[in-house]
Amino acid sequence: MRDGGRIAAAIEILDDFETRRVPLKVCIADWSRGARYAGAKDRAFISGLALDVLRRKGSLLAAGGNLRGAVALALHHMWGWPKERIIEAYAEEPHGPGALSEARKAVLEEPPFSPETNFRDVPDFTRELLERVTPDLSAEIAAASQRAPIDLRVNTLKSDTDRALKALSPEKAVLSARSFTGLRIPAPSAESRGPAIDIHPAYQKGWVEVQDEGSQLAALAAGSVEGAQVLDYCAGGGGKTLALAALMKNYGQIHAYDIEARRLAPIFDRARRAGVRNLQVISPFEGEEKLTALKGKMDVVFVDAPCSGSGTWRRKPDTKWRLSRPQLEKRMEEQDQVLTAAAEYVKPGGQLIYVTCSLFVEENEDRIAAFWQQNQQFMVSSARDAMIETGLVNGLETLPKSGIEGTLRLSPATTGTDGFAITRLTRTK
Ligand SMILES: C[S@@+](CC[C@H](N)C(=O)[O-])C[C@H]1O[C@@H](n2cnc3c(N)ncnc32)[C@H](O)[C@@H]1O
């Protein structure tokens, strides 16, 4: 496809996204079905452009007037295309999106982004929520509007950081900033595609997992767990489960549960590839007995709670435009339920780790405060100290604290990771 056709396709997909309440990937898949002529490079260009526009949709629409204008501004100010290339592509016959008017051409030069107007790039109702979290809302939104790097966790059950780094250095991998077992591949620029990690030999051999550095650090809040009994209560596809299993060096037992059996499906293949041998998956299909038998016996219960995902907006910018206040409130109710239910599995002296990939205080500190009212046998202990105890991190001293002493917050602006809040609670009796 030529530039004009690709740009027109991105506009069509974004228009569809604005009209229907479906995720962007559904809009892309529906468009793809009617576009068999599009090759892999075309698809990467089109979805990359659509995602970049969604990262800064508020600012781009305010400056560009409509989607056509917004996409043109994104090409100039985010992708660095010269004005002439954009004007030519829009005017391409017969597949371009249509020639830009003189007024639109003039607007192209005007910068659509500024620290004073960055707030446009998050939904209105989330602004005051974010103001509770950060003294510099504009910087946080700007950082969350960038493309995210590809972060990898070296699976120490199968490899080590040096070997994995060597294998992935042709893909431009470098060591992560804080996690000693983390690698980072820079985000692909504009039209280019990131490397297909899932077909890389290092991935196929189980040496690395794709996992944001923030998520890797969150798993380390479990502390020294070699030989422990661990319950991953919201295991989903197993991202944290596999990180915890590596931390356990295959000693002790990790139990992985999720209320939705379907979400657990990938965990079996992933664990096999990663060489995990101490995993018990507990599916809700199996009845409650297997799970109930663990009550009061776990050294560590890890709760990677369902949340708004506001910490992952740089990776999934479409989700921020779908978030509503009622949905957020529903997540908060779920968080209260999950915390209360999961706490029952912790043995006296054991640890309850509460993690979300949300920046909002409402989903973190406020939930812990509500939990405490009913569960005073739990005390906050230092997640930071637990992470340091693993010997797998550095640079934690500079991480910002949250409102609760001992709770850690990570974010695109402060740590260059996805946003996470991590609280560690010790059961005293
Ligand atoms: C953030 S996701 C987990 C991601 C996963 N830990 C990972 O690292 O790949 C949250 C999960 O919590 C699960 N969940 C929601 N409510 C739950 C409940 N009441 N009990 C257990 N799991 C629940 C969801 O099905 C979802 O898979």
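Two residues are in contact if their C-beta atoms, placed from the backbone, lie within 7 Å. The legends below describe views of a predicted model.

**Figure 1. Surroundings of Asp258 in the predicted model.** Leaving out residues up to four places away in sequence, Asp258 touches Cys234, Ala235, Gly236, Arg263 and Leu264. Asp258 itself is placed in the loop that links strand 6 (253-257) with helix 14 (261-264). Asp258 counts as buried because 24 C-beta neighbours lie inside 10 Å, and the cut-off for a buried residue is 20 or more.

**Figure 2. Surroundings of Asp304 in strand 8.** Strand 8 covers residues 298-304, and Asp304 lies in this strand. When neighbours within four places in sequence are set aside, the contacts of Asp304 are Cys234, Lys240 and Val355. Asp304 has 24 C-beta neighbours inside 10 Å and therefore counts as buried. Asp232 is separated from Asp304 by 72 residues in sequence, yet the two C-alpha atoms are 7.8 Å apart in space.

**Figure 3. The two annotated positions, Asp258 and Asp304.** An unreviewed UniProt entry lists Asp258 and Asp304 under "binding site". The two positions are spread over 47 residues of sequence but cluster in space, with a largest C-alpha distance of 10.3 Å. Cys234 is among the contacts of Asp258, and Cys234 is also one of the contacts of Asp304.

**Figure 4. The shell of residues around the ligand.** The shell holds 17 residues, of which Cys234, Gly236, Gly239, Ile259 and Asp304 come nearest to the ligand. Helix 13 (239-248) and helix 18 (325-343) are the elements that give two or more residues to this shell. Helix 18 supplies the largest share, three residues. By residue class, the shell divides into six nonpolar, five polar and six charged residues. Asp304, which is listed in the UniProt entry under "binding site", is thus shown here among the residues that come nearest to the ligand.

**Figure 5. Strand 1 and the burial of its two faces.** Strand 1 comprises residues 150-154 and is mostly covered, with five of its five residues buried. In a regular strand, the side chains alternate between the two faces of the sheet. On one side of strand 1 are Ile150, Leu152 and Val154, and on the other are Asp151 and Arg153; all of these are buried, and both faces are covered.

**Figure 6. The pairing of strand 1 with strand 3 and strand 4.** Four bridges join strand 1 to strand 3 (residues 182-185), and these two strands run antiparallel. Within this pairing, Asp151 stands opposite Arg184 of strand 3. Strand 1 is also joined to strand 4 (residues 208-210) by three bridges, again in an antiparallel arrangement. Here Leu152 stands opposite Val210 of strand 4.

**Figure 7. The protein chain as the setting of the close-up views.** The secondary structure of the protein chain comes to 21 helices and 12 strands. Its radius of gyration is 23 Å, close to the 22 Å that the globule rule gives for 429 residues, so the chain is as compact as a globular protein of that length. Along the principal axes, the C-alpha atoms fill a box of roughly 70 × 45 × 40 Å. Of the 429 residues, 46% count as buried. Among contacts between residues at least 6 apart in sequence, 73% join residues at least 24 apart.

Definitions and conventions: Residues numbered from 1 in each chain as written. Predicted model: local features only at pLDDT ≥ 70, side-chain atom pairs only at ≥ 80, totals over all residues. UniProt positions renumbered as here; feature names shortened; annotations may be inferred. Buried ≥ 20, exposed ≤ 12 C-beta atoms within 10 Å, placed from the backbone. Rg over C-alpha atoms; globule rule 2.2 N^0.38 Å. Near = placed C-beta within 6 Å. Nonpolar A, V, L, I, M, F, W, Y, C, P; charged D, E, K, R; others polar. Pairing = 2+ DSSP bridges.
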